[in-house]
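Colleague: I am new to this structure and would like to go through it with you. Could we look at the fold together, one topic at a time?

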Amino acid sequence: MSNKRPTPFYFGGAASCIAAMVVHPFDLTKVRLQNTKGAGNQGMFATMIKIARTEGALQLYAGLSASILRQATYSTVRFGGYEKMKHIVSNGQDPSVWQLLIASSTAGALGGACGNPGDVVNVRMQNDGQLPPQQRRNYKHALDGVVRIAREEGITSLFRGLGPNMNRAILMTSSQCVSYDTFKDLLLRYSPLQDGLILHFTSSTLAGLVATTVCSPVDVIKTRIMTASSSDRKMSSFNIMSTMYKNEGMASFFKGWTPAFIRLAPQTIITFVVLEQFKKWHAAWHESRLLVAKI
């Protein structure tokens, strides 16, 4: 695995924000499905059509500002931290899988903590439309949500679900980033693919499949905690897991898997393709600066 020149810290966050704008309707649908209690469950497209018919097509983009805020914090830290730590733990050598896992786990934990307030607002804004009118929060935008939660429920409410969210961020960063780097390296070594768009597309698609499956159970629990009412807020992750298993079965931990994959696959593809392009531009810019300095 090649250890290239470090890139600016914010590249991953910028790429993730671009991807979030494209896949937001799928993210919203995933949250709605995860919050559907009981054994019965509509399909992804049926849920999207129902939202468009009953709430309006624009409601599929409810909470977009919160989604961008989340990516600007969560993904900037996890991608930026991963790239920096990857260079640190490998000491300038090609990093091993274990070194990549250490770097991704640390970066994921930091990203999950930094992005938690934006994630709470994001989940609530996406889930608002399916609540009864008297229970809706009606946040105007992400910052309004952050301010209102802090004022009405206390600062600590912005960090509700921090444990599951950090666990998910660790799993997501490890499964997404490490699997992308691993698949990319394997394809470069054992397939005719060269470093370019097709390689990035294939590697990121496989990484999205791995990340969706690994993260689905933690993602469902995190969503249930963040959207819990005041009377349920003291329920622990273990209690929620036990209740879900008893009442809804093992399949409940994978609710919303299909929209999660359909959301995460293009998000992963767009993120890594754009990130690779940023790196390419950065390398070209760096080389041009060196050439100018030599003249």
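What follows is a set of questions and answers on a predicted model.

Colleague: Which helix supplies the largest share of the largest nonpolar core?

Modeller: This core has 15 residues, and those touching the most other members are Ala15, Phe79, Tyr82, Cys177, Phe272, Leu275 and Phe278. At least two residues each come from α1 (11-34), α3 (64-90), α4 (97-127), α6 and α9 (257-294). The largest share, four residues, is supplied by α9.

Colleague: Which residues does Phe272 touch, not counting residues up to four places away in sequence?

Modeller: Phe272 is among the core members that touch the most others, a group that also includes Phe79 and Cys177. With residues up to four places away in sequence not counted, the residues that Phe272 touches are Phe79, Gln176, Cys177, Tyr180 and Ser204.

Colleague: How many residues does the second, separate core have?

Modeller: In general, nonpolar side chains tend to be buried together in soluble globular proteins. Here a second core, separate from the one already described, includes Ala66, Val120, Val123 and Met125, and its number of residues is eleven.

Colleague: Where does α3 bend?

Modeller: Helix α3 has 27 residues and reaches 37 Å from its first C-alpha to its last, which is close to the 39 Å expected at 1.5 Å a residue. After the helix comes Asn91, with a positive phi near 50°. The helix nevertheless bends by about 30°, and the place where it does is Ser75.

Colleague: Is Arg70 buried or exposed?

Modeller: Arg70 lies in helix α3, and, leaving aside its neighbours within four places in sequence, it is in contact with Ser75, Gly115, Gly118, Asp119, Asn122 and Arg168. Because its relative accessible area is 7%, and the cut-off is under 20%, Arg70 counts as buried.

Colleague: How many disulfides does a search of the whole structure find?

Modeller: Cys177 is buried at a relative accessible area of 1%, and Cys215 also counts as buried, at 3% relative accessibility. The closest cysteine sulfur to that of Cys177 is in Cys215, 11 Å away, which is too far for a bond. Across the whole structure, the number of disulfides found is zero.

Colleague: What is the relative accessible area of Leu193?

Modeller: Leu193 lies in the loop between α6 (162-190) and α7 (197-226). Leaving aside its neighbours within four places in sequence, Leu193 is in contact with Leu187, Leu188, Ile198, Leu199 and Thr202. It is partly exposed, and its relative accessible area is 23%.

Note on methods. Residues numbered from 1 in each chain as written. Predicted model: local features only at pLDDT ≥ 70, side-chain atom pairs only at ≥ 80, totals over all residues. Heavy atoms only, no water. Buried < 20%, exposed > 50% of the residue type's maximum accessible area, 1.4 Å probe, protein only. Contact = heavy atoms within 4.5 Å. Core = buried A, V, L, I, M, F, W, Y, C linked by side-chain atoms within 4.5 Å. Expected span 1.5 Å × (residues − 1). Bend = angle between axes of the 7 residues up to and from the residue. Disulfide = S-S within 2.5 Å.
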